[in-house]
Amino acid sequence: MNSKAKRTHTCRTDEIERLRNARGLSAERLAALAGIHLRTLRRIMKGRPAYLENISAIADVLKVPCDTLLATYKVPGYSPVSLQVNTFTLNIALTGTVDSQSQFATLATLTPDVISKLAALGIEVHSYDAQFTVSEKAGDAHQRVIVLIYGKLESGMSFWCFAAIKPSRYDAYYNAYATKTLNLYKDFEKSNEAAFGEIVVSGEGE
């Protein structure tokens, strides 16, 4: 590195991250292929000034022109949104097929994953409504209504979970949830013939 060179360039860190993920590269692998230290890449990704030589090396690995990674780059056809526009509505409807429990669980967690990614970008989501249904044949044996449940454990710790509700038990579930008498241990116990359904996935936090 030229001792007279200065770190004067900042990058579009979101674009580097997008391209890195699209190419299936870890941060460690990207740094290695670019011939720079991992701590250098991390410094760049924090928005700190960097040497143009290092940015160029990253661009070569990601197979894009160097200038497209610079913070000064203007995306063609892009017009900044007025700061006065501070609310949004996003509607996404997906229809498809699943044939495994892992695929089912992935679909069930899409909404919290999206919320988390938006929060990481500083986008605050005030409210959302997620409904996910899978049906093949009529009846409880092949149909469920997916609901998102929030609550607190006896220890006071907050938790969330996605539950698959049997169509025939949905009204009973809703009544229990609305009256705050829902018992996740009893109402979703596999050995309970009157169970509302199954817990698909759960986690701690709100």
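Among the elements of the protein chain, confidence bottoms out at strand β1 (residues 132-135), with a mean pLDDT of 62, and peaks at helix α2 (residues 27-34), with 93; pLDDT is the predictor's confidence in each residue, from 0 to 100. This is a predicted model, so to speak only of what it supports, local features need pLDDT of at least 70 and side-chain atom pairs count only at pLDDT 80 or more, while totals for chains, interfaces and linings use all residues. Residues are numbered from 1 along each chain as its sequence is written, and side-chain values use heavy atoms, with hydrogens and water left out. The chain averages a pLDDT of 80, with 81% of its residues at 70 or more. Where pLDDT is low, the predicted coordinates should not be read in detail.

As for the overall layout, the protein chain has eight helices and four strands, in the order α-α-α-α-α-α-β-β-β-α-α-β along the sequence. Helices (H or I, at least four residues) and strands (E, at least two) are DSSP runs, numbered from the N terminus. Of the 206 residues, 27% are buried, meaning under 20% relative accessible area, with exposed over 50% and partly exposed in between (1.4 Å probe, protein chains only).

Turning to the aromatics, rings of Phe, Tyr and Trp (its six-membered ring) pair if their centres lie within 6.5 Å; planes under 30 degrees apart count as stacked, over 60 as edge-to-face and the rest as tilted. That rule gives six aromatic pairs. Trp 160 and Phe 162 are edge-to-face because their ring centres sit 6.1 Å apart with the planes at 80°, and both residues are buried. Tyr 170 and Tyr 174, by contrast, count as stacked, since their centres are 6.4 Å apart and their planes at 25°. Both tyrosines belong to helix α7 (residues 170-178), four residues apart, or about one turn of the helix. Tyr 170 is partly exposed, at 28% relative accessible area. One aromatic cluster takes in Tyr 170, Tyr 173, Tyr 174, Tyr 177, Phe 188 and Phe 196.

The lining of the second largest pocket can be sorted by class: ten nonpolar, five polar and three charged residues. Here Ala, Val, Leu, Ile, Met, Phe, Trp, Tyr, Cys and Pro count as nonpolar, Asp, Glu, Lys and Arg as charged, and the others, Gly among them, as polar. A pocket, on a 1 Å grid over the protein atoms alone, is an open set of points where a 1.4 Å probe fits, with protein on both sides within 12 Å along at least five of seven lines; lining residues have an atom within 4 Å of a point. Strand β2 gives the largest share of this lining, four residues.
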